[in-house]
Amino acid sequence: MQNPLELLPQKTKEVLIRPLVIRASIARGNPACFADEQAVLICERLGLQNDWLEPGPTRLEIHQVMARTLWYDEQIRELLKNWPDLVVVNLGAALDTRFYRVDNGRLRWYDIDLPDVIHLRKSVLPSDERKIQIGLSVFDEAWPARIDYEEPAQVVFLADHLFCYHTEANVVKL
C-alpha cells in the first residue's frame with residue numbers, strides 16, 4: 001500500500017507533519033504529562049519518526065506547538081463544561097487530533113481542510129459519526145452551510161496554526 005503522504009506536495013507535508021511529530025514525540029516521551037494516542041498511532045501508520053523532521057525542531061518550536069496544543073485543549077474542555085453539545089469548527093485541520101483528546105461523548109466536530117488533506121485524515125484517523133470532515137478550502141463559501149447547530153452560541157471556531165500561512169487580506173475574509 002502506498003504511503004498517502006507521498007501524494008502530497010512537500011510543503012503541505014511539512015505543514016502537516018511537524019506539529020504532529022512533535023506532539024507524538026512528547027506523548028511517547030512523557031505520557032503522564034501529555035497524552036495523544038492518535039498522534040502516536042498516525043506516526044506509526046505513516047512511518048514517521050523524530051528524524052523525519054529535518055531540520056529538527058528547535059526548543060522554541062516544540063514549546064510553541066505544545067503551548068498552543070495545551071491551551072486550545074483546555075479552552076475546549078472549559079467550554080464543554082457549560083456547553084456539553086458544543087460544535088467545534090476546526091479550520092485548517094491538518095493532522096490535528098484534538099477531537100480525540102477532548103471528546104466528552106456529545107461534542108460535534110467539523111474538520112475543514114483541502115480535499116487531499118481530508119483524504120489523508122480519513123486514511124489515518126478513526127471515524128466517528130460526530131466528527132465530520134469537509135474537504136474544502138477554508139476560503140470556500142460552501143462549507144458554512146454544512147455546519148449543523150441549534151444555537152449560534154454553541155459554535156466555536158478553531159484556527160490553530162492556520163493564519164500564519166495566509167495573507168492578512170485572506171484572513172480578514174474569513
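## What surrounds helix α1

In this predicted model, the buried residues of α1 are covered by several elements, including α2 (37-46), α3 (59-82), α4 and α5 (115-124). The residues of α1 that count as buried are K13, L16, I17, R18, P19, L20, V21, I22, R23, A24 and A27.

As for its dimensions, helix α1 covers residues 10-29, 20 residues in total. From first C-alpha to last it reaches 27 Å, close to the 28 Å expected at 1.5 Å a residue. If you follow the helix along, you will meet a bend of about 30° at I17. A proline, P19, follows within four residues of that bend.

## Where α1 meets α3

A good pair to look at next is α1 and α3. Two packed helices are described by the angle between their axes and the distance between the axes. Here the axes of α1 and α3 come within 10 Å and cross at roughly 85°. On the α1 side, the contact is made by R18, P19, I22, R23 and I26; on the α3 side, it is made by E61, I62, V65, M66 and T69. How do the two helices lie relative to each other, and why? Angles of 65 to 115 degrees count as roughly perpendicular, and α1 and α3 are therefore roughly perpendicular to each other.

## Helix α3 itself

Helix α3 has 24 residues, which should span 34 Å at 1.5 Å a residue. Its end C-alpha atoms are 35 Å apart, so the span agrees with that expectation.

Which residues of α3 are buried? They are E61, V65, M66, T69, D73, I76 and L80. An α-helix has 3.6 residues a turn, so residues three or four places apart point the same way. Among the elements that cover the buried residues of α3 are α1, β1, α4 and β4 (155-158).

## R121 and its partners

Now turn to R121, whose place is in helix α5. R121 counts as buried because its relative accessible area is 1%, and buried means under 20%. Not counting residues up to four places away in sequence, R121 touches A93, A94, L95, D96, D111, K131 and Q133. R121 and A93 are 28 residues apart along the chain, and their C-alpha atoms are separated by 9.1 Å.

Which polar contacts does the side chain of R121 make? It has a polar contact of 2.7 Å with the side chain of D111, and another of 2.7 Å with the side chain of Q133. The side chain of R121 also reaches the backbone oxygen of D96, at 3.0 Å.

## The two strand partners, D111 and Q133

D111 lies in strand β2, residues 108-113. With a relative accessibility of 1%, D111 counts as buried. Besides its link to R121, the side chain of D111 has a polar contact of 3.1 Å with the side chain of N90. Leaving aside neighbours within four places in sequence, D111 is in contact with N90, A93, I118, R121, K131, I132, Q133 and I134. For a wider view, D111 and I17 are 94 residues apart in sequence and 17 Å apart in space, C-alpha to C-alpha.

Q133 is found in strand β3, residues 131-135. At 14% relative accessibility, Q133 counts as buried. Leaving aside neighbours within four places in sequence, Q133 is in contact with D111, I118, R121 and K122.

## The loop between β1 and α4

The last stop is the loop between β1 (87-91) and α4 (98-102), where T97 is found. Is T97 buried or exposed? T97 is buried, with a relative accessible area of 0%. Its side chain makes a polar contact with the side chain of R101 at 2.8 Å. Not counting residues up to four places away in sequence, T97 touches R23, D36, Q38, A39, I42 and L125.

A94 is found in this loop between β1 and α4 as well, and A94 counts as buried at 17% relative accessibility. Most residues other than glycine have a negative phi. The phi of A94, however, is near 50°, a positive value in a residue other than glycine.

Technical notes:
Residues numbered from 1 in each chain as written. Predicted model: local features only at pLDDT ≥ 70, side-chain atom pairs only at ≥ 80, totals over all residues. Heavy atoms only, no water. Buried < 20%, exposed > 50% of the residue type's maximum accessible area, 1.4 Å probe, protein only. Contact = heavy atoms within 4.5 Å. Polar contact = N/O pair within 3.5 Å; in protein donor to acceptor, adjacent residues only side chain to side chain. Expected span 1.5 Å × (residues − 1). Bend = angle between axes of the 7 residues up to and from the residue. Axes fitted to C-alpha atoms, helices over the stretch in contact; angles between N-to-C directions. Parallel < 35°, antiparallel > 145°, perpendicular 65-115°, else oblique.
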